[in-house]
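Please work through the exercises below with the sequence and the 3D structure at hand. Each one sets a task and is followed by a solution in steps.

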Amino acid sequence: MYQQITLVGNLGADPEMRVTQNGTPVTSLRVATNRRWRAQDGTTQEETVWFRVSVWAQQAEACNQYLSKGQRVLVVGEMREPGAWTDQEGNARASLEVRARNVEFLTPRGGGQSPAPDQGEEEEIPF
């Protein structure tokens, strides 16, 4: 069996790196993906889904060094078992976890946040 997920989104926080007991670096990323569409009534709708991404080894070090909040990334990896938790209002929530196989930096060097797509247009997914 094989499964793969591809995400294009922006970092919601600066990367956080730690080192495992055996010395392997692991960087955690919080990636927000946005989807826009036009509803039947003509209004523009938007949905944001958050993913927790773990990046390992040399790629973890590069992500920690060169990425920062707001930058756009493309992540290819595998979904992990969702983690269940309860928010402050008592609502059941799930944490979507991805183990990255590859992370591409989409924000140009020295650039800030990538511009948002024009209102009313669907965002293209690079496949």
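## Exercise 1: A salt bridge with two surroundings

R93 counts as partly exposed, with a relative accessibility of 41%. The model is a predicted one.

Task: find which side chain meets that of R93 in a salt bridge, and decide whether this partner, D87, is buried or exposed.

Solution. Begin with the pair itself: the side chains of R93 and D87 meet in a salt bridge, with 3.1 Å from N to O. Next, compare the relative accessible area of D87, which is 12%, with the cut-off for buried residues, which is under 20%. D87 is therefore buried, while R93 is partly exposed at 41%.

## Exercise 2: Other salt bridges

Task: state how many salt bridges the structure holds, and work out which strands are tied together by the pair R36 and E46 and by the pair E78 and R101.

Solution. The structure holds five salt bridges in total. In one of them, the side chains of R36 and E46 meet at 3.2 Å, N to O. Because R36 belongs to strand β3 and E46 to strand β4, this pair ties together parts that are ten residues apart in sequence. R36 is buried, its relative accessible area being 14%, whereas E46, with 44%, is partly exposed.

For the second pair, the side chains of E78 and R101 meet in a salt bridge of 3.0 Å, N to O. E78 lies in strand β5 and R101 in strand β8, so that parts 23 residues apart in sequence are tied together. E78 is partly exposed at a relative accessible area of 27%, and R101 is partly exposed at 34%. As a last step, look for a further member: E78 and R101 are linked with R80 in a network of salt bridges.

## Exercise 3: The order of elements and the pairing of strands

Task: describe which pattern of helix and strands the protein chain follows, and then establish how β1 pairs with β5 and with β3.

Solution. The secondary structure comes to one helix and eight strands, and along the sequence these follow the pattern β-β-β-β-α-β-β-β-β. Strand β1, residues 5-11, is joined to strand β5, residues 72-79, by six bridges, and the two run antiparallel; within this pairing, the bridge partner of G9 is V73. β1 also pairs with strand β3, residues 25-38, in the antiparallel sense over two bridges, and here N10 stands opposite A32. Five of the seven residues of β1 are buried, so this strand is largely enclosed by the rest of the structure.

Continue with β3, which is joined to β4 by 13 bridges in an antiparallel arrangement, with V26 having W56 as its bridge partner in β4. The hairpin of β3 and β4 has five residues between the strands, and in this hairpin G42 takes a positive phi near 95°. β4 also pairs with β8, in this case in the parallel sense over three bridges, and R52 stands opposite E97 in β8.

## Exercise 4: The nonpolar core

Task: identify which residues have the most contacts inside the largest nonpolar core, and trace which elements give two or more residues to this core.

Solution. The largest nonpolar core has 16 residues, and V53, V55 and V75 are those with the most contacts inside it. The elements that give two or more residues to this core are β1, β3, β4, α1, β5 and β8. Taking V75 as an example, and leaving aside residues up to four places away in sequence, its contacts include I5, L7, V53, V98 and V103. As a general background, nonpolar side chains in soluble globular proteins tend to be buried together.

## Exercise 5: The setting of T27

Task: determine whether T27 is buried or exposed, and find which residue's backbone oxygen lies 2.7 Å from a polar atom of its side chain.

Solution. T27 is found in strand β3, and at 0% relative accessibility it counts as buried. Among the residues that T27 touches, not counting those up to four places away in sequence, are P15, M17, V53, V55, A60 and C63. The backbone oxygen in question is that of A60, which lies 2.7 Å from a polar atom of the T27 side chain. Finally, T27 and A62 are 35 residues apart in sequence and 9.2 Å apart in space, C-alpha to C-alpha.

Notes
Residues are numbered from 1 along each chain as its sequence is written. This is a predicted model: local features need pLDDT of at least 70, side-chain atom pairs count only at pLDDT 80 or more; totals for chains, interfaces and linings use all residues. Side-chain values use heavy atoms; hydrogens and water are left out. Buried means under 20% relative accessible area, exposed over 50%, partly exposed in between (1.4 Å probe, protein chains only). Helices (H or I, at least four residues) and strands (E, at least two) are DSSP runs, numbered from the N terminus. Two strands pair if DSSP finds at least two bridges between them. A nonpolar core is a set of buried Ala, Val, Leu, Ile, Met, Phe, Trp, Tyr and Cys residues joined through side-chain atoms within 4.5 Å. Contact means heavy atoms within 4.5 Å. A salt bridge is a side-chain nitrogen of Lys or Arg within 4 Å of a carboxyl oxygen of Asp or Glu. A polar contact is a pair of N or O atoms within 3.5 Å; within protein, one must be able to donate a hydrogen and the other to accept it, and residues adjacent in sequence count only if both atoms are side-chain atoms.
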